[in-house]
Amino acid sequence: MDKPSTPLAAAAVGERLNAWADEPHRIVALLPDGPRTHGEALWDALQPSGLLQRTPSKYPYDVRPRNPAAMNAALGRKVPAEDAALWIQATLINKPPKDDGDARAARAGALAHDLAELLGPDADWRSNGGYGLRHDPRGRPVPEDESLTLSGGHWAGWCVPVTTADTDAAIVGRGAGHCLVIVTCEFG
């Protein structure tokens, strides 16, 4: 089990994370962990945003969660703790991370590393998909600009929407006494 981090370290990382909340269509929360599921934490973080689908859609194929239990099911992809920083970065910048000198991506990568470290190596990470990440045959993500010749690899997109946006990307992590929620949405 992860040992809790210091309040000072959590506050410093939380402050950097909150700067990302100023961007349109992004919800971020670093909260104390508690006796709730990943889906309940995501539902609670989305409550004030107005992005929850609470009523049936006019479209019969709409699979958006309408309650915390369904939200938990939507977070069906378990993210290995050693890959959490890459997934956090992809969620923050809403595209596959590349090492191309992009300052925003580099800032997201540094924050993602610190967030993954804050929650620790035993953190439990869940996502609603894998935005633009290629996966090797064992399901481990590989950035888009890596070799595309992995045998058995495949592209994975965000599979289950969790908001009323046209597309969204969500990652929720729990560990070391913290719960992290990041959601990035795109509209038409």
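How are H4 and H5 oriented to each other?

## H4 against H5

In this predicted model, the axes of helix H4 (residues 84-93) and helix H5 (residues 103-119) cross at roughly 135° and come within 8 Å. The two helices are therefore oblique to each other. Their crossing is right-handed.

If you would like to trace this contact on screen, start with the H4 side, where Ala84, Ala85, Ile88, Gln89, Leu92 and Ile93 take part. Across from them, H5 supplies Arg104, Ala105, Ala108, Gly109, Leu111, Ala112, His113, Leu115 and Ala116. Sorted by class, this contact has 11 nonpolar residues, three polar and one charged.

## H1 against H5

H5 also meets helix H1 (residues 7-20): here the axes come within 10 Å and cross at roughly 145°. The crossing of H1 and H5 is left-handed, whereas that of H4 and H5 is right-handed.

From H1, the residues in contact are Ala9, Ala10, Val13, Arg16, Leu17 and Trp20. They meet Arg104, Arg107, Ala108, Ala110, Leu111, Asp114, Leu115 and Leu118 in H5. The contact of H1 with H5 has 10 nonpolar and four charged residues, with no polar ones.

## Trp20 and the aromatic rings

Trp20 of H1 and Arg107 of H5 deserve a look of their own, as both belong to the contact just described. Arg107 lies over the face of Trp20, 4.3 Å from the ring centre. As for pairs of aromatic rings, a search of the whole structure finds zero.

Notes: Residues numbered from 1 in each chain as written. Predicted model: local features only at pLDDT ≥ 70, side-chain atom pairs only at ≥ 80, totals over all residues. Heavy atoms only, no water. Axes fitted to C-alpha atoms, helices over the stretch in contact; angles between N-to-C directions. Helix = DSSP H or I, 4+ residues; strand = E, 2+ residues; numbered from the N terminus. Parallel < 35°, antiparallel > 145°, perpendicular 65-115°, else oblique. Left-handed = near helix turned anticlockwise from the far one by under 90°. Contact = heavy atoms within 4.5 Å. Nonpolar A, V, L, I, M, F, W, Y, C, P; charged D, E, K, R; others polar. Phe/Tyr/Trp six-rings, centres within 6.5 Å; stacked < 30°, edge-to-face > 60°. Lys NZ or Arg CZ within 6 Å of the ring centre and 35° of its normal.
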